[in-house]
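The following paragraphs lead the reader through a single protein chain, from its surface and overall form to a few chosen details. Please keep the sequence and the model in view while reading.

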Amino acid sequence: MSPTAQPLSLASLLAAVRAGWLDFRARPVASMAYAAVFVVVGGGLVSLLVSIGLAPLALALGIAFLLFGPVVLAGFFALARLPMGTPLGPSLAAALLAMRRADRSVWAIGAFCVFMALVWLTDAGTLYSFMIGERFHDWSMVVPRWFHRRFHGGALVMGAGLALVVFVVSVHGVPLMLRWRLGLVAAIVASARAVGRSLLMHMLWALLLGVTVICSIFVFPALVLVLPVAAYASDHITRQVFGAPRERGPQETV
């Protein structure tokens with residue numbers, strides 16, 4: 001059965017973000033190291049776009065990265081459970097192992113996120129061919145330009161629709177599966193109901209996530225800070241809505 005969601009207030013949302021920041025400050029090196037793995041991958045993909053002359057598609061790639069974001073939560077949740085002072089090597093190994101050992105229901109959500117990201121990139125590429133059609137190998141074209149405003153505006157509208165679907169499914173769905181150990185269907189239903197019950201506050205959180213992550217993509221060092229804080233805050237937001245999860249035994253993994 002799906003747990004009952006409580007309304008999410010602005011004070012609760014701000015408290016969750018503050019708690020996420022404190023979680024980050026408690027383990028900054030390990031958090032940034034784990035986030036850096038995905039930042040490096042993203043940087044490599046942006047470099048590939050520039051090398052093949054599709055630099056203006058970097059913003060679309062950033063939105064696709066945002067859609068894929070819920071998959072990395074397992075690692076951050078594992079870091080949050082480690083004792084303070086755990087060395088970097090074991091911390092990073094625990095995060096990567098937790099991600100690899102995540103339940104199949106979590107990977108099902110991950111597959112859905114990847115599918116939506118691929119749909120988004122395909123749509124953005126089609127729109128690019130119609131509205132721009134030129135090749136740009138210049139790194140300066142990674143930053144959205146005013147004369148491409150129609151392309152970026154249309155792309156953002158399409159991406160926002162896909163991102164909203166992913167957000168409704170995963171904002172509480174992934175934490176509920178990882179922390180509360182709910183099944184796939186129960187977690188998705190609970191997440192959708194929670195969003196519907198406090199729609200304004202959840203849309204505010206979605207907007208905050210989207211703006212900060214997309215802006216940070218163009219300043220890569222900032223992304224290694226934004227990703228951990230957002231991940232830890234998402235756990236606290238779910239706690240605000242559904243209460244504290246049942247504690248796991250010493251042999252259980254995140």
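The protein chain exposes about 12,300 Å², and carbon and sulfur atoms supply 70% of that area. The model is a predicted one. One part of the surface can be singled out: Val-41, Leu-45, Leu-48 and Ile-52 make a nonpolar patch of about 330 Å². Of these residues, Ile-52 is found in the loop between helix 2 (28–51) and helix 3 (58–68). Its relative accessible area of 37% lies between the limits of 20% and 50%, and Ile-52 is therefore described as partly exposed.

The secondary structure consists of 11 helices and zero strands. Read along the sequence, the pattern is accordingly α-α-α-α-α-α-α-α-α-α-α. The C-alpha trace spans about 55 × 40 × 35 Å along its principal axes. A compact globule of 254 residues would have a radius of gyration near 18 Å, and the value for the protein chain, 18 Å, agrees with this. Buried residues make up 48% of the 254 residues. Among contacts between residues at least 6 apart in sequence, 82% join residues at least 24 apart.

Helix 7 offers a view of a single element. This helix covers residues 149–170, and at 1.5 Å a residue its 22 residues should span 32 Å; the end C-alpha atoms are 30 Å apart, which agrees. Several of its residues are buried, among them Phe-151, His-152, Ala-155, Gly-159, Leu-162 and Val-166. An α-helix has 3.6 residues a turn, so residues three or four places apart point the same way.

How many salt bridges does a search of the whole structure find? The search finds two. In one of them, the side chains of Asp-235 and Arg-179 meet at 3.1 Å, N to O. Asp-235 lies in helix 11 (residues 220–242) and Arg-179 in the loop between helix 8 (173–178) and helix 9 (184–197), so the pair ties together parts that are 56 residues apart in sequence. Both Asp-235 and Arg-179 are buried.

A salt bridge also joins the side chains of Asp-235 and Arg-239, with a distance of 3.5 Å, N to O. Asp-235 and Arg-239 are separated by about one helical turn, because they are four residues apart in helix 11. Asp-235 counts as buried at 4% relative accessibility, whereas Arg-239, at 28%, counts as partly exposed. Arg-179, Asp-235 and Arg-239 are thus linked in a network of salt bridges.

Note on methods. Residues numbered from 1 in each chain as written. Predicted model: local features only at pLDDT ≥ 70, side-chain atom pairs only at ≥ 80, totals over all residues. Heavy atoms only, no water. Patch = residues over 30% accessible without salt bridge, like charges linked within 9 Å, V, L, I, M, F, W, Y side chains within 5 Å. Areas by Shrake-Rupley, 256 points an atom, 1.4 Å probe, with all protein chains shown as cover. Salt bridge = Lys/Arg side-chain N within 4 Å of Asp/Glu carboxyl O. Helix = DSSP H or I, 4+ residues; strand = E, 2+ residues; numbered from the N terminus. Buried < 20%, exposed > 50% of the residue type's maximum accessible area, 1.4 Å probe, protein only. Rg over C-alpha atoms; globule rule 2.2 N^0.38 Å. Contact = heavy atoms within 4.5 Å. Expected span 1.5 Å × (residues − 1).
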